[in-house]
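Subject: Structure handover

Hello,

Here is the structure I promised to pass on. Please open it beside this email and follow along.

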Amino acid sequence: FPVTIGGVSVGTTDCYAGAGSYNNNDTYTGLVVATSGKKTVSLKVNGKNAASSDYILSINELMFWRTA
């Protein structure tokens, strides 16, 4: 699925987890948010992994660090 911050694409993620697999993680680095203020983070399920039988996305946590 595509991931955007403030309407700007930062990448895509495939969160498919096979049977017995949990807590899949993805990390994006080197992102620059050019302006200050509140931003909307958007995660949009737009398909599924070919091995998956359903369209389910569960987000437990999003973490952000300011580095500059």
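How many of the five residues of β2 count as buried? The count is zero, and β2 is hardly covered. Buried means under 20% relative accessible area, exposed means over 50%, and partly exposed is in between (1.4 Å probe, protein chains only).

A word on the basis. This is a predicted model, in which local features need pLDDT of at least 70, side-chain atom pairs count only at pLDDT 80 or more, and totals for chains, interfaces and linings use all residues. Residues are numbered from 1 along each chain as its sequence is written, and side-chain values use heavy atoms, with hydrogens and water left out.

**The strands**

Start with the strands. Strands (E, at least two residues) and helices (H or I, at least four) are DSSP runs, numbered from the N terminus. Two strands pair if DSSP finds at least two bridges between them.

β1 covers residues 2-5 and pairs with β2 in the antiparallel sense, over four bridges. Two of the bridge partners are worth finding on screen. Val-3 is matched with Gly-11 in β2. Thr-4 is matched with Ser-9 in β2. The hairpin of β1 and β2 has two residues between the strands. There, Gly-6 takes a positive phi near 60°.

β1 also pairs with β3, again in the antiparallel sense. That pairing has three bridges. Look for Ile-5, whose bridge partner in β3 is Val-41.

**Around Tyr-28**

Now move to the loop between β2 and β3, where Tyr-28 is found. Is Tyr-28 buried, partly exposed or exposed? Tyr-28 is partly exposed, because its relative accessible area is 27%.

What does Tyr-28 touch? Contact means heavy atoms within 4.5 Å. Leaving aside neighbours within four places in sequence, Tyr-28 is in contact with Val-3, Val-10, Gly-11, Thr-12 and Thr-13.

Two of these partners also make polar links with Tyr-28. A polar contact is a pair of N or O atoms within 3.5 Å; within protein, one must be able to donate a hydrogen and the other to accept it, and residues adjacent in sequence count only if both atoms are side-chain atoms. The side chains of Tyr-28 and Thr-13 make such a contact, at 2.4 Å. A polar atom of the Tyr-28 side chain also lies 3.1 Å from the backbone oxygen of Thr-12.

Take Thr-13 next. Thr-13 sits in the loop between β2 (8-12) and β3. Thr-13 counts as buried because its relative accessibility is 9%. Setting aside neighbours within four places in sequence, Thr-13 contacts Phe-1, Val-3, Asp-26 and Tyr-28.

Gly-11, in strand β2, also meets Tyr-28. Its other contacts are Phe-1, Pro-2 and Val-3, not counting residues up to four places away in sequence. Gly-11 and Tyr-28 are 17 residues apart in sequence, and their C-alpha atoms are 7.8 Å apart. Tyr-28 and Val-45 are also 17 residues apart in sequence, with 18 Å from C-alpha to C-alpha.

**Further along the loop**

Leu-31 lies in the loop between β2 and β3. Leu-31 is partly exposed, because its relative accessible area is 39%. Beyond neighbours within four places in sequence, Leu-31 is in contact with Ile-5 and Val-10. Thr-67 is 36 residues from Leu-31 along the chain, and their C-alpha atoms are separated by 10.0 Å.

Ser-36 is in the loop between β2 and β3 too. Ser-36 counts as exposed because its relative accessibility is 74%. Ser-36 and Ala-68 are 32 residues apart in sequence and 12 Å apart in space, C-alpha to C-alpha.

**A patch on the surface**

Which residues form a nonpolar patch on the surface? They are Val-41, Ile-59, Leu-62 and Phe-64. Together they have about 370 Å² of accessible area. Accessible areas come from the Shrake-Rupley method with a 1.4 Å probe; for residues, only the protein chains shown count as cover. Patches are made of residues with over 30% relative accessible area and no salt bridge (a side-chain nitrogen of Lys or Arg within 4 Å of a carboxyl oxygen of Asp or Glu). Like charges are joined within 9 Å, and nonpolar side chains (Val, Leu, Ile, Met, Phe, Trp, Tyr) within 5 Å.

Ile-59 is in the segment after β3 (41-43). Ile-59 is partly exposed, because its relative accessible area is 42%.

Best wishes
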